[in-house]
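Got a few minutes for some structure exercises? Open the model, try each task yourself, then check the worked solution.

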Amino acid sequence: MLDKFFNITGQGSNLKTEIVAGLTTFATMAYILAVNPYFLSVAGMDYGAVMTATALSAVIATLVMALVAKLPFALAPGMGLNAFFAFTVCGVMGCSWQLALTAVFAEGIIFLLLTFFNVREAIINSIPTNIKHAISVGIGLFIAFIGLAHKDVAIIVQGQGVPVHLGNLHSAGALLCILGIIVIGVLLVRNVKGAILIGLLAVTVVGLIPGLDVTSLPKDGGLVSLPPSLEPIFFKFVGFEEILSWKFVSILFVFLFVDMFDTVGTLVGVSSKANLLDSEGRVPRVKQALFADAIGTTVGAVLGTSTVTTYVESAAGVAEGGKTGMTSLVVAFMFFLALFFTPLFTMIPAAASSSVLVIIGIFMMSPITKINFDDYSEFIPAFLTMIMMPLAYSIAEGIAFGMLSYVILKVLTGRYKELNIAMICISFLFVLKYIYNIGE
């Protein structure tokens, strides 16, 4: 029955291979069950409730991908977007997490409409390729910086006379973070499956050593329990008086913009690795795949988590031979099981999560090789996109500097014909942002 539904044999695979691929994908992305609650708890949200929302949103979105799109991709709350949610929207901009969740919900609804009317792909195609690659790299730098600068790790700290400098490397948090980076790095070099999860757990175990004071066993000693209640964060949206503001529009725009590139880039890249692209280089059933992403984001916001997106770690399962929705069905089942192991994930210290953030940042650097370094009208905007994200501590500012500089350079060098209407409109919105201090 499964073979017939997913056309496993027809795709040149078998049930065992698909199951192994699903387990591999889950092992490479299960860190999100610890990292996402940590991120959103910084914004003031309940850690346990966010963990439940993270797992449930991953289950629902990945099930849609498995049963509707029938592709070997897994979904969960996305890295980078949760950083923007917690550190920019709720941190730098001082907004409530309820407003941020409302923006995520609105993003999901808009994506459902854009997907239904086949607009989403057209918008993405209008954005310069080099800017798309630079956004991924910039988010990688930003995430790594967040990990290194976390207060419980403090490898990078605020400087005296200089903006930042090296912190105390003798502290338990710093040493454990460095240990995590080394362990995960060695496992990656040796092509060990689940390297991130193994490193995360290894640092957690070391952190239990008496005297380090970075984590502890659950009070009742149990690792299995019913999932924490969603009540503290379920369906917590703001009213229209806050929605009808420039600040809300600017936040919503960034969520939309970043998620577009993250999802489509992952779909194309992983499909290429799995040899799923058609003769014209298109992803099969892409509309259904984007539908899964939009459903995940919308439902995730209701449950109480940041934007749900397709995970690049799906490539790990594809590398194991996964080619059909059976792979993603296994991932969904594993996330469901994870709901009942919440105490295990609450033990994971910030030092372990921070080491993972650095590694994820490294993963996101690979598109830099695709940027055109020879054409300065392309490279300068790409560089500004990358560098402004960590330096301004904002994904939004990096995108704004990149887009605006791209348009300005093309116009002033007489190459305005390389621009398109969508690009000009997006840049105009950013100009309005700075004129009226939108989001400040």
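**Exercise 1: Around a phenylalanine**

Task: Which residues is phenylalanine 85 in contact with, leaving aside its neighbours within four places in sequence?

Solution. Step one: list the contacts of phenylalanine 85, which are Leu40, Ala43, Met45, Cys90, Trp97, Ala100, Leu101, Val104, Phe255 and Ser306. Keep in mind that you're looking at a predicted model.

Step two: put Phe85 in its setting. The largest nonpolar core has 103 residues, and Phe85 is one of the three that touch the most other members, along with Tyr31 and Met79. Helix 12, residues 246-273, gives the most to this core, with 10 residues.

Step three: look for another core. There's a second, separate one of 19 residues, and Met65, Leu290, Ala292 and Val318 are among them.

**Exercise 2: Two cysteines**

Task: How many disulfides does the structure hold? Then work out why cysteine 90 and cysteine 95 do or don't form one.

Solution. Step one: the count of disulfides is zero.

Step two: check the distance. For cysteine 90, the nearest cysteine sulfur is that of cysteine 95, 7.0 Å away. Going the other way, cysteine 95 has the sulfur of cysteine 90 as its nearest, again at 7.0 Å. A disulfide needs the sulfur atoms within 2.5 Å, so this pair, at 7.0 Å, doesn't count as one.

Step three: classify both. Cysteine 90 has 14% relative accessibility, so it counts as buried. Cysteine 95 is buried too, with a relative accessible area of 11%.

**Exercise 3: Charged partners**

Task: Which acidic residues form salt bridges with arginine 415, and are these residues buried, partly exposed or exposed?

Solution. Start with the principle: side chains of opposite charge can pair when their charged atoms come close.

Step one: find the partners. Aspartate 375 pairs with arginine 415, with the closest N and O atoms 2.7 Å apart. That pair links distant parts of the chain, 40 residues apart: aspartate 375 sits in the loop between helix 17 (350-363) and helix 18 (376-391), and arginine 415 in the loop between helix 19 (395-412) and helix 20 (421-435). Glutamate 418 also forms a salt bridge with arginine 415, its closest N and O atoms being 2.7 Å apart.

Step two: sort by accessibility. Aspartate 375 is at 18%, so it counts as buried. Arginine 415, at 28%, counts as partly exposed, and so does glutamate 418, at 39%.

Step three: zoom out. Asp375, Glu378, Lys410, Arg415 and Glu418 are linked in a network of salt bridges. The structure holds six salt bridges. One of them joins the side chains of lysine 151 and aspartate 152, at 3.5 Å from N to O. Here lysine 151 is exposed at 68%, while aspartate 152 is partly exposed at 42%.

**Exercise 4: A patch on the surface**

Task: Which residues form the nonpolar patch on the surface, and which helix contributes the largest share of the patch?

Solution. Step one: name the members, which are Met1, Leu2, Leu15, Ile19 and Leu23, with about 470 Å² of accessible area together.

Step two: assign the helix. Helix 2, residues 15-29, supplies the largest share, three residues.

Step three: place methionine 1, which lies in the segment before helix 1 (2-6). Its relative accessible area is 84%, so methionine 1 counts as exposed.

Note on methods
Residues are numbered from 1 along each chain as its sequence is written. This is a predicted model: local features need pLDDT of at least 70, side-chain atom pairs count only at pLDDT 80 or more; totals for chains, interfaces and linings use all residues. Side-chain values use heavy atoms; hydrogens and water are left out. Patches are made of residues with over 30% relative accessible area and no salt bridge: like charges are joined within 9 Å, nonpolar side chains (Val, Leu, Ile, Met, Phe, Trp, Tyr) within 5 Å. Accessible areas come from the Shrake-Rupley method with a 1.4 Å probe; for residues, only the protein chains shown count as cover. A salt bridge is a side-chain nitrogen of Lys or Arg within 4 Å of a carboxyl oxygen of Asp or Glu. Helices (H or I, at least four residues) and strands (E, at least two) are DSSP runs, numbered from the N terminus. Buried means under 20% relative accessible area, exposed over 50%, partly exposed in between (1.4 Å probe, protein chains only). A nonpolar core is a set of buried Ala, Val, Leu, Ile, Met, Phe, Trp, Tyr and Cys residues joined through side-chain atoms within 4.5 Å. Contact means heavy atoms within 4.5 Å.
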